[in-house]
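Here are my notes for you, written as a walk through the fold. Keep the viewer open and click along as you read.

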Amino acid sequence: MRAAFVSGGSSGIGFATAHALAVKGHDLALFARDAARLLEARAAILADAPDIQVETYAVDVANRDGFVAALTDAMAKLGPPEMAVASAGMATPGLFTEQSYELHARHMAVNYLGALTLTDILSGPMAAAGGGKIGLIASGAAFFGIYGYSAYAPSKFALRGLSEILHLELAPKNISVTLIYPPDTDTPQLAEELRTKPLATQKITAGGGLAQPSEIAKKLIHGMQAGHPVVTPGLQMTLLYRFGSLLAPLLRLYQKHIIARHSAS
């Protein structure tokens with residue numbers, strides 16, 4: 001059994017996925033910005049899977065040179081991974097006219113280019129080792145434009161397009177690519193979102209329930225192992241995936257109604 005690499009592996013869906021893969025027996029390489037949280041994650045994982053090896057890398061996935069160096073070092077220590085999950089991400093809601101170009105660029109650098117770098121650097125060695133499975137994390141915001149998500153949603157739209165192409169292009173190399181669309185999930189990122197989320201955006205995105213990271217991780221791993229191109233946990237994400245283009249006009253009208261009532265808040 002080859003190793004698993006997880007970016008954003010110190011918390012949220014990334015940590016839950018890394019933990020589940022560790023329990024299955026995979027050695028791990030975890031990548032995240034906060035060294036202290038990485039060490040806490042490593043200790044928690046080893047408490048439940050004491051016989052595996054866990055390497056940690058305090059790195060910003062938006063720093064391509066640093067991330068490439070970390071991925072290369074991890075492969076030198078653990079070999080090319082069998083499973084690779086790009087879970088590092090950010091979401092800072094707010095209105096387009098009130099957010100800077102730099103914030104928009106930061107979302108693309110973390111959410112899209114970070115996943116692109118992971119796939120770019122790992123896919124060749126994975127193919128040479130016999131193949132593998134790559135997991136990418138999207139969002140319901142990748143299905144249609146949502147008021148208050150102009151910095152965040154385009155990065156997930158881009159990731160959706162990349163994943164659809166990679167699923168086709170990497171298949172001949174025995175690498176499957178799976179994109180999961182989690183609903184709102186009880187993670188530190190969601191808590192951070194609420195700090196800047198406009199009231200109208202809160203109303204628009206309400207009603208989907210709150211998933212737990214462990215259940216999302218379980219569904220992602222199952223989808224990766226089965227080679228599914230897409231995983232849509234819950235009824236809301238499934239309906240958006242299957243009927244998003246048909247629902248889009250209704251969703252725009254619904255949003256305009258909510259915005260008219262709450263945009264001044």
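The points below start with the sheet, go strand by strand, and finish with the helices and a couple of single residues.

1. Before anything else, remember that this is a predicted model. Keep that in mind for every angle and contact below.

2. Start with the sheet. It is open and has seven strands, and the pairing is parallel. Reading across it, the order is E3-E2-E1-E4-E5-E6-E7. At the edges you'll find strand E3 (54-58) and strand E7 (230-231), each of which pairs on one side only.

3. Now look at strand E1 (4-7), which sits between E2 and E4 in the strand order. Four bridges tie E1 to E2, and the two run parallel; in this pairing Ser 7 is opposite Phe 31 of E2. To get from E1 to E2 the chain passes through helix H1 (residues 12-23), making a right-handed β-α-β crossover. On the other side, E1 is joined to E4 by four bridges, again running parallel. There, Ala 4 stands opposite Met 83 in E4.

4. Is strand E2 (residues 28-32) buried or exposed? Five of its five residues are buried, so E2 is largely enclosed by the rest of the structure. Leu 28, Leu 30 and Ala 32 point one way, while Ala 29 and Phe 31 point the other way. Try colouring those two sets differently in your viewer.

5. Next door, E2 pairs with E3 in the parallel sense over five bridges. Two pairs are worth clicking on: Ala 29 has Glu 55 in E3 as its bridge partner, and Leu 30 has Thr 56. The chain goes from E2 to E3 by way of H2, and this β-α-β crossover is right-handed. Helix H2 (residues 35-48) itself lies across E2 and E3, at about 165 degrees to E3.

6. Thr 56 deserves a stop of its own. This residue is in strand E3. How buried or exposed is Thr 56? With a relative accessible area of 26%, Thr 56 counts as partly exposed, because buried means under 20% and exposed means over 50%. Setting aside neighbours within four places in sequence, Thr 56 is in contact with Leu 30, Leu 38, Leu 39 and Arg 42. For a sense of distance, Thr 56 and Leu 190 are 134 residues apart in sequence, and their C-alpha atoms are 24 Å apart in space.

7. Move over to strand E4 (residues 83-86). Both of its faces are covered: Met 83 and Val 85 lie on one side, Ala 84 and Ala 86 on the other, and all are buried. E4 runs parallel to E5, joined to it by four bridges. Among the bridge partners are Met 83 with Lys 133 and Ala 86 with Leu 136. Met 83 therefore turns up twice in this tour, but let's move on to E5.

8. Strand E5 (residues 132-137) is mostly covered, with five of its six residues buried. Its pairing with strand E6 (residues 175-180) is in the parallel sense and has six bridges. In that pairing, Gly 135 has Thr 178 of E6 as its bridge partner.

9. E5 also takes part in two β-α-β units. E4, H4 and E5 make a right-handed one. E5, helix H5 (residues 153-169) and E6 make a right-handed unit as well. In the loop between H5 and E6, look for Asn 174. Its phi is positive, about 65 degrees, although Asn 174 is not a glycine.

10. Last, the helix pair H3 and H4. Helix H3 (residues 64-78) and helix H4 (residues 101-128) have axes that come within 10 Å and cross at roughly 35 degrees. The crossing is right-handed. Which residues meet there? From H3 come Arg 64, Phe 67, Val 68, Leu 71 and Met 75; from H4 come Gly 114, Thr 117, Leu 118, Asp 120, Ile 121, Leu 122 and Pro 125. By class, this contact has eight nonpolar, two polar and two charged residues. H3 also lies across E1, E2 and E3, running at about 165 degrees to E2.

Terms used
Residues numbered from 1 in each chain as written. Predicted model: local features only at pLDDT ≥ 70, side-chain atom pairs only at ≥ 80, totals over all residues. Heavy atoms only, no water. Axes fitted to C-alpha atoms, helices over the stretch in contact; angles between N-to-C directions. Left-handed = near helix turned anticlockwise from the far one by under 90°. Contact = heavy atoms within 4.5 Å. Nonpolar A, V, L, I, M, F, W, Y, C, P; charged D, E, K, R; others polar. Pairing = 2+ DSSP bridges. Buried < 20%, exposed > 50% of the residue type's maximum accessible area, 1.4 Å probe, protein only. Right-handed = clockwise from strand over helix to strand, strands pointing away.
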